Every structure is written in structure tokens, then in C-alpha cells.
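Here is a short tour of a protein model for someone meeting it for the first time. Have a look at the sequence and the structure, then read on.

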Amino acid sequence: MQTIEYPISPDTSRTPLPFSPATKVGNLLFVSGQASTDDEGNVISDTFENEFHRTMDRLQRILRAAGTDLQRVCQVRGYLKNSADFPRYNELYRQYFKPPYPARTTISECLGKVLVEIECIAVVEP
């Protein structure tokens with residue numbers, strides 16, 4: 001039977017909400033949606049660009065805690081508050097992910113307090 005692990009480190013942000021930042025099963029890491037928040041999970045409202053970078057920082061910290069990185073991400077799901085931000089999302093996304101890109105789904109007009117949220121699935125080497 002596969003064991004479910006919950007990789008965290010002192011560098012991993014916490015959340016007051018009822019979910020784990022990430023779960024690991026076998027060599028797959030499932031990272032919950034990350035957004036522009038501080039280390040206690042409080043929303044930090046900002047420009048779309050700043051929220052995107054803060055979101056990616058949180059995502060990268062979780063990946064590192066599990067022993068992987070952006071190059072090992074195989075799927076990304078992005079959520080945008082405003083569809084008008086989609087072109088900028090693609091520009092910023094290319095700063096973090098390089099070809100061949102992970103599989104990706106992006107949904108817009110779906111968030112409340114934050115402008116962007118990103119979740120992913122990554123491979124972790126044994």
C-alpha cells in the first residue's frame with residue numbers, strides 16, 4: 001500500500017484553512033493551490049505581477065521542501081480572477097516554466113480575494 005506523506009519544512013508557509021500545502025504519494029507530489037499570502041496564510045493584495053511572483057515563490061518553497069523543483073512539474077492548474085490578466089499570466093509563466101512546458105489548464109473569472117492561484121503536480125525522485 002502506498003503511504004501518503006505531507007512534506008513541509010520551516011520554509012513552507014502555513015495556512016489556517018483545512019488543507020495540506022502538499023501531499024506526496026510514491027514519486028508524485030500534489031501541491032495545493034498557492035496564492036499571494038504571507039507565511040501565516042493571510043492574503044497580500046497587490047498588482048497582478050506581484051501576486052504572481054509571490055505565488056510562485058510559495059510554490060517553489062513547497063517543491064523544495066519535497067525535494068523537487070519547477071523543472072519536475074508535469075501539470076499546472078492556474079486560476080485567474082480576471083480574464084484580462086491572461087496575456088500577462090502567459091508572459092510571467094514563461095519566466096518560470098520553459099519548453100517543453102508542463103500540461104496546463106487555466107480558468108478565469110473564478111477567484112475572490114486574490115488575483116491568481118496556482119497548483120501543480122510534480123515528480124519527486126526516490
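## A walk through the model

Ser-108 sits in strand E5, which covers residues 103-108. Keep in mind that this is a predicted model. Ser-108 counts as partly exposed, at 31% relative accessibility. Leaving aside neighbours within four places in sequence, Ser-108 is in contact with Leu-80, Asn-82 and Ser-83. Phe-52 lies 56 residues from Ser-108 along the chain, and the C-alpha atoms of the two are separated by 14 Å.

Now over to Gln-34, which belongs to strand E3. Is Gln-34 buried or exposed? Gln-34 counts as buried, because its relative accessibility is 2% and the cut-off for buried is under 20%. The side chain of Gln-34 has polar partners too: the backbone oxygen of Ser-32 is reached at 2.9 Å, and the side chain of Arg-58 makes a polar contact with it at 2.9 Å. If you skip residues up to four places away in sequence, Gln-34 touches Pro-21, Thr-55, Arg-58, Leu-59, Ile-62, Val-116, Glu-117 and Ile-118.

Strand E3 also turns up in the largest pocket. That pocket holds about 300 Å³ of space. It is lined by 16 residues, and the closest to its centre are Leu-17, Phe-19, Gly-33, Ala-35 and Thr-37. Strand E3 (residues 28-34) gives the most to this lining, with three residues. By type, the lining divides into six nonpolar, seven polar and three charged residues.

Next come the cysteines. How many disulfides are there? The count comes to zero. The sulfur of Cys-120 is the nearest cysteine sulfur to that of Cys-74, and it is 8.2 Å away. A disulfide needs the two sulfur atoms within 2.5 Å, so Cys-74 is in no disulfide. Seen from the other side, Cys-120 is in no disulfide either, with the sulfur of Cys-74 as its nearest cysteine sulfur. Cys-74 is partly exposed, with a relative accessible area of 35%, whereas Cys-120 is buried, at 4%.

Here are the accessibility values side by side.

| Residue | Relative accessible area | Class |
|---|---|---|
| Gln-34 | 2% | buried |
| Cys-74 | 35% | partly exposed |
| Ser-108 | 31% | partly exposed |
| Cys-120 | 4% | buried |

Methods:
Residues numbered from 1 in each chain as written. Predicted model: local features only at pLDDT ≥ 70, side-chain atom pairs only at ≥ 80, totals over all residues. Heavy atoms only, no water. 1 Å grid on protein atoms, 1.4 Å probe; cavity = no way out; pocket = protein on both sides within 12 Å on 5 of 7 lines; lining within 4 Å. Points joined across faces, edges and corners; volume = space filled by probe spheres on them. Helix = DSSP H or I, 4+ residues; strand = E, 2+ residues; numbered from the N terminus. Nonpolar A, V, L, I, M, F, W, Y, C, P; charged D, E, K, R; others polar. Buried < 20%, exposed > 50% of the residue type's maximum accessible area, 1.4 Å probe, protein only. Polar contact = N/O pair within 3.5 Å; in protein donor to acceptor, adjacent residues only side chain to side chain. Contact = heavy atoms within 4.5 Å.
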